[in-house]
Amino acid sequence: MDDEDGYFGERVAARYDESSAEMFEPGVVDATVGVLAELAGRGRALELGVGTGRVALPLARRGVPVHGIDLSRAMVARLRAKPGGDAMGVTIGDFATTRVAGTFSVAYLLFNTIMNLTTQAAQVASFRNVAAHLDPGGCFVVEVMVPELRRLPAGQNAVPFRVSPTRWAFDLYDVATQAMSSNYVEVVDGRGEYRSIPFRYVWPAELDLMAQLAGLRLRERWDGWTREPFTGESRQHVSIWEKPTD
Ligand SMILES: C[S@@+](CC[C@H](N)C(=O)[O-])C[C@H]1O[C@@H](n2cnc3c(N)ncnc32)[C@H](O)[C@@H]1O
């Protein structure tokens, strides 16, 4: 870990938007923001792991008051530097436990960020924390990959996901513990640089149980933001749990 900003310190933050360019495509952001704005209605939105504001800023531009939580001052500094970033409420802290004032009609956790919590206890705590922030009838939205164990032949633990002449990236899986890491090797000025981020992978059914422990119930599960059905072939899901009104 580089510093108090966790795995999203200054070096990562400086290149985050560029290195996640596919997630910043207008079609991706618009579809995400559209669903979240609909769920927010006239209420407020809470983003866990708000980062550089990829989704929070356009959601705020749609008229939804957004508050963010993030561990990384370096990431939040990038959010602040963008138009509208200064006006956004952001709390620096761990989203598994950090409380902020008021309640929200939607809370959301995107781009596999639930997996940044590397223990089951912390993932459960994040559901409980969200439930405590939601209005009755409010929703928690998680966007996360389906663990790619079907791509692991017996005896192997690595799944490559980006290979180019200067960049290699691969996930390592430990199927005994659900520990996982994403590993990046990049050639910069002729030298190889290595970076590794630890995760805990998590199954849809396990998330449903975490939601149940927090008093939430599943409302929707889609393959993506355009609301295609989630199937056995889905590689990711967008899941929505709601806090009952009764
Ligand atoms: C992959 S980025 C996603 C940023 C943004 N949500 C997006 O979709 O572009 C993950 C973000 O979550 C933050 N993060 C990771 N673990 C965290 C934790 N336990 N508490 C608060 N923030 C965390 C990181 O600092 C980083 O800004």
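Okay, to get us going: in which sense do strand 5 and strand 11 pair, and over how many bridges? They pair in the antiparallel sense, over 7 bridges, with strand 5 covering residues 134–145 and strand 11 covering residues 236–242. Before I go on, please keep in mind that this is a predicted model.

If you want to find that pairing on the screen, look for Met145, which stands opposite Gln236 in strand 11. Then go to Val141, whose bridge partner in strand 11 is Ile240.

Now, each of these two strands has another neighbour. Strand 11 also pairs with strand 10, residues 217–222, again in the antiparallel sense, over 5 bridges. One pair to look for there is Trp222 with Val238 of strand 11.

On strand 5, the other partner is strand 4, residues 104–109, and this time the sense is parallel, with 5 bridges. Leu109 has Val142 of strand 5 as its bridge partner. To get from strand 4 to strand 5, the chain goes through helix 5, residues 120–133, and that β-α-β crossover is right-handed.

Next up, helix 6, which is residues 204–213. Which of its residues are buried? Those are Leu207, Met210 and Ala211. They sit on the same side of helix 6, because they cover an arc of only 100° around the axis. The general rule behind that kind of pattern is that an α-helix has 3.6 residues a turn, so residues three or four places apart point the same way.

And what covers those buried residues of helix 6? The cover includes helix 5, strand 5, strand 10 and strand 11, so to speak the cast we've just been through. On the face turned away from the buried side, you'll see Ala205 and Leu209, which are exposed. After helix 6 comes Gly215, and its phi is positive, near 85°.

Last stop, the ligand. How many residues are around it, and which come nearest? There are 20, and the nearest are Phe8, Gly49, Gly51, Arg54 and Ser72. Sorted by class, that shell has 11 nonpolar residues, 6 polar ones and 3 charged ones.

That's my tour, so over to you.

Terms used:
Residues are numbered from 1 along each chain as its sequence is written. This is a predicted model: local features need pLDDT of at least 70, side-chain atom pairs count only at pLDDT 80 or more; totals for chains, interfaces and linings use all residues. A residue is near a molecule or strand if its C-beta atom, placed from the backbone, lies within 6 Å of it. Ala, Val, Leu, Ile, Met, Phe, Trp, Tyr, Cys and Pro count as nonpolar, Asp, Glu, Lys and Arg as charged, and the others, Gly among them, as polar. Two strands pair if DSSP finds at least two bridges between them. Helices (H or I, at least four residues) and strands (E, at least two) are DSSP runs, numbered from the N terminus. A crossover is right-handed if, with the strands pointing away from the viewer, the path from the first strand over the helix to the second runs clockwise. A residue is buried if 20 or more other C-beta atoms lie within 10 Å of its own, exposed if 12 or fewer, and partly exposed in between; C-beta atoms are placed from the backbone. The arc is that of the directions from the helix axis to the C-beta atoms. Two residues are in contact if their C-beta atoms, placed from the backbone, lie within 7 Å.
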